[in-house]
Amino acid sequence: MTAEKDLHALLATMHPVLREGEFVYVLWPHGKALAGGIAAAVREAEGLTVVLPRAEADRLGLPYDFVGAWITLEVHSSLEAVGLTAAVGTALAAAKISGNVLAGFHHDHLLVPVADTERALEVLHELAAASGEQKPAPELVLRSEQPADRPAILALTAAAFSVSPITGLPVEGEPEEVQLLARLFGCEEYLPDYSIVAELDGEVVGHVISTRGRVGELELLGLGPISVVPRLQRHGIGSALMKETIFRANAARERGIALLGDPDYYARFGFVPSTSLGVEPPDPAWGVHFQLLPLAVWPGGVSGTFHYAGPFNDPLNGPSDVAEGTA
């Protein structure tokens, strides 16, 4: 097969394929015979860098600080082709994904952080599609959740929180937000108008829920969790869900919305530390991370502690950072 040099053809026919397993970069011990299923190697003045399966590095006791997913760009690119690496790197950088490139005789290969695997594949497929036949962008539909949506909502919540928004580490087992959400659907504080899904081409790709909360006798909304399918995070879906929630709450003359999350992120929607409005968080340790959005009919003169819907009081399902974090 003749190697392709034309950048447009390379991008249009590029087929990203995920190699099974997790891979790491290690500095091979000087003088040690090569072993362990090495997949790539680079000789530098400082020593020999090798890429090998994580399990092999663990077995050999070799230290590493980067765990990557290996993606092969299955298009036969010429070593003289100009621009492929730049185009791929630019697309990944725009999605805030680091990409380490390995060039083989037949293909280019990428190692991306394991947590960004699905999003990286989506970015690469989008790049290939944009270089081929252009298709109209599907319209994002925001609507109230229906009972038939719930399996899809729970599945996307599990995917969105598979990496903890607090620690940044993979979660073992089912994320606690899944069970919390299932219980919120059945609790007396459930509000159907504030369980909102985002739908794209008939697929549920995002969800946010707000349930009844209180400060004394004052009724407020407690927002969370909010989830976006990982491959579409950082595409504005989370922001759209937030804006729709705020629009509905104002239209219904709700007084305010409370949540636990990143102050820098939620400030863009008008949220402020709850204590600045006289509302204490359920847990004083939350500090400025517990925030409140006063709506158009906020009464002022409020004083007291916020109380979430019943399921949040279960110690196994207490509030965590509600954001999918990369909207």
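These are my notebook entries on two strands and their pairing partners.

**Entry 1, the model.** I am working with a predicted model, in which local features need pLDDT of at least 70 and side-chain atom pairs count only at pLDDT 80 or more, while totals for chains, interfaces and linings use all residues. Residues are numbered from 1 along each chain as its sequence is written, and side-chain values use heavy atoms, with hydrogens and water left out.

**Entry 2, strand 7.** I looked up strand 7, which covers residues 108–113; strands (E, at least two residues) are DSSP runs numbered from the N terminus. I found that six of its six residues are buried, where buried means under 20% relative accessible area (1.4 Å probe, protein chains only). I then searched for its partners, counting two strands as paired if DSSP finds at least two bridges between them. Strand 5 (residues 67–73) pairs with strand 7 in the antiparallel sense over six bridges, and within this region Thr72 stands opposite His109 of strand 7. Strand 6 (residues 100–103) also runs antiparallel to strand 7, joined to it by four bridges, and I noted Leu110 in strand 7 as the bridge partner of Val101. Strands 6 and 7 form a hairpin, with four residues between them.

**Entry 3, strand 15.** I turned next to strand 15 (residues 290–294), where four of the five residues are buried. Strand 12 (residues 256–260) pairs with strand 15 in the antiparallel sense through five bridges, and I saw that Ala258 stands opposite Leu292 in strand 15. Strand 13 (residues 272–273) is joined to strand 15 by two bridges, again antiparallel, and the bridge partner of Pro273 in strand 15 is Gln291.

Conventions:
Buried < 20%, exposed > 50% of the residue type's maximum accessible area, 1.4 Å probe, protein only.
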